[in-house]
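Here is a short note for a colleague who has not looked at this entry before. Please read it beside the sequence and the structure.

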Amino acid sequence: MTPPPFAFTFDGRLVRAEPGQSVAAALIAAGHRSWRHTRAEGRPRGVFCGIGVCFDCLVTINGTPNHRACLAEVRPGDVVSTQEGAGRDDLAC
Amino acid sequence: MTTSPAERPGTRYDIAVLGAGPAGLAAAVAAAGQGAGTVLIDAGARPGGQYWRHREGDEGALHHGWGHFRRLRRGLSAHGADYRPGHCVWHVERTEAGFTVHATREGSPRTVRAKAVIVATGAYDRQLPFPGWTTPGVFTAGAVQALLKGHGVPAGRRIAVAGTGPFLLPVAAGLAEAGVRVVGVFEAGLPTAFGRHPLATLRNLPKLAEGAGYLGTLLRHRVPYRTRTTVVAAHGTATVTGATVARLDQRWRIVPGSTREIDCDTVAVGYGFTPQTEIPLQLGCAMRRDADGSLVARVDARQRASVDGVYVAGEACGVGGAQLSAVEGELAGLHAAYATTGSAPDRRRLAGLLRRRAAQRSFAAALHRAYPVPDGWQTWLERDTTVCRCEEVTAGAIREAVDDLGATDPRAVKLYARPGMGLCQGRVCGYATTCLVARATGRRPTADDLRGMATRPIAHPLTLGALAAGDDSGGDDSGGG
């Protein structure tokens, strides 16, 4: 029997996911394309290589930045948020 | 697959196989079948690599050679090889007793010791930059394939597939069969040149039949297939809203007056493959520039690299597809088992493998000749076109590093302008940067140029915490399996 779908949040909105999906796959299935802004120019980025090579799809999951969304498996109740730059603005001086 | 009781920290294996795609699986099964203590280490959650990427519970409806995969998967447990998924290998160190493989699993350090290593790390899509390629909605062809095969998610609704090489066909066919509108397959090359290599063609009829099958699928779904045409620009800011397609001349310069706009929300691109060669480079293995322009490890008839105890199989010693990879993997596994345990391989089995390797390699060489990447793509770029996606370095900045700062090779350009200095460490822009610098300095790219963008002493980013924790001897390493 296939386990049932579940929900997580992306920038405060509920998103549905199938068990075993990556964060990236669930976000794309829900119509989202980008979840990071680049460090230098603030440009939107999402999945590019999809297999963990390019690091374009970095995202903040449950408060921790720099997860590769294409590799991280989404879990029920995850709090996913758009990553600004290196995701460590709290450390910037 | 289960984790055998033999797996505990401090175990020294005869053979560590790095990568669980076609080459690595075949290598691990062959080595374990000869009685060698074998561990198969992989970054993925399930075996199969990119070629046999699948969802949990998916039994291969979308895959070629699935029976082969199932046999290998069965062989892995039947012969008692240890299988360690979810391991990101960041460094392989040569020691007096052999090799120490340094990896992380969910951020925690994991080390594995072995007398010999078989590098089967595969390849990823090679990319050429073009205006708009950083817009969300431009994906590598492999990403679109991975989303569909690995997660059941189409990357978009109206997809243009562009680039060069036979891999574009299964990607487009898979999308069409999943009900996605494929607005066109834009093949920059003119693969009719393939007919000039009749011997290689004849030896590999099944592979050609596979290609013909994909073309049939495209025809059935009324997907246009255009040669010497590609996507030269993607439009939109937050997401792709369209693309510019152009006809190309023999050198891939845009034919004047041939550009047209197409309506699509997604672009999938790939210009061949870039092998993952971090480990052979870390170990000081001799490298060469292959016929397709990629940097690959040199291997001998036994798949041995130039460094004792290091074997390389699959794309990392020359891009040639899944079937060649599996043959090379099996050879590497047999020879490494013989070298570490003295268990001699069956001569007839070896002879058969050598014949198949020769046939597959001639086919791969013919493919490389049929799908060259001439440097006219550089004329598609504007000064402000991003080349390095991580550090946001433009084509203009790379040009200035050569013209104004006097850089003469990619390594110097990397130091002056920072292409390849970001998180991906030049994996994505390394090939393009190398070609741009070579042409700006009036020469052809060399293996040394490529090496300057491909050398990565630490193959994956890791936290200082993981580094400080050192190895995990004495720790619990029984997760997964």
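The points below cover the basis of the model, then chain A, then its contacts with chain B.

1. This is a predicted model, in which local features need pLDDT of at least 70 and side-chain atom pairs count only at pLDDT 80 or more, while totals for chains, interfaces and linings use all residues. Residues are numbered from 1 along each chain as its sequence is written, with chains lettered from A and ligands numbered from 1 in the order in which they are written.

2. Chain A has eight strands and one helix. Their order along the sequence is β-β-α-β-β-β-β-β-β. Helices (H or I, at least four residues) and strands (E, at least two) are DSSP runs, numbered from the N terminus.

3. The radius of gyration of chain A, 13 Å, agrees with the value near 12 Å for a compact globule of 93 residues. That radius is taken over C-alpha atoms, and the globule rule is 2.2 Å times the number of residues to the power 0.38. Along the principal axes, the C-alpha atoms of chain A fill a box of roughly 50 × 25 × 20 Å.

4. Of the 93 residues in chain A, 45% are buried; a buried residue has 20 or more other C-beta atoms within 10 Å of its own, with C-beta atoms placed from the backbone.

5. Contact means that the C-beta atoms of two residues, placed from the backbone, lie within 7 Å. Of the contacts in chain A between residues at least 6 apart in sequence, 41% join residues at least 24 apart.

6. In the pairing of the two chains, 26 residues of chain A are in contact with 28 residues of chain B. On the chain A side, α1 (23-29) and β4 (44-45) are the elements that give two or more residues. The most come from α1(A), with three residues.

Terms used. Buried ≥ 20, exposed ≤ 12 C-beta atoms within 10 Å, placed from the backbone.
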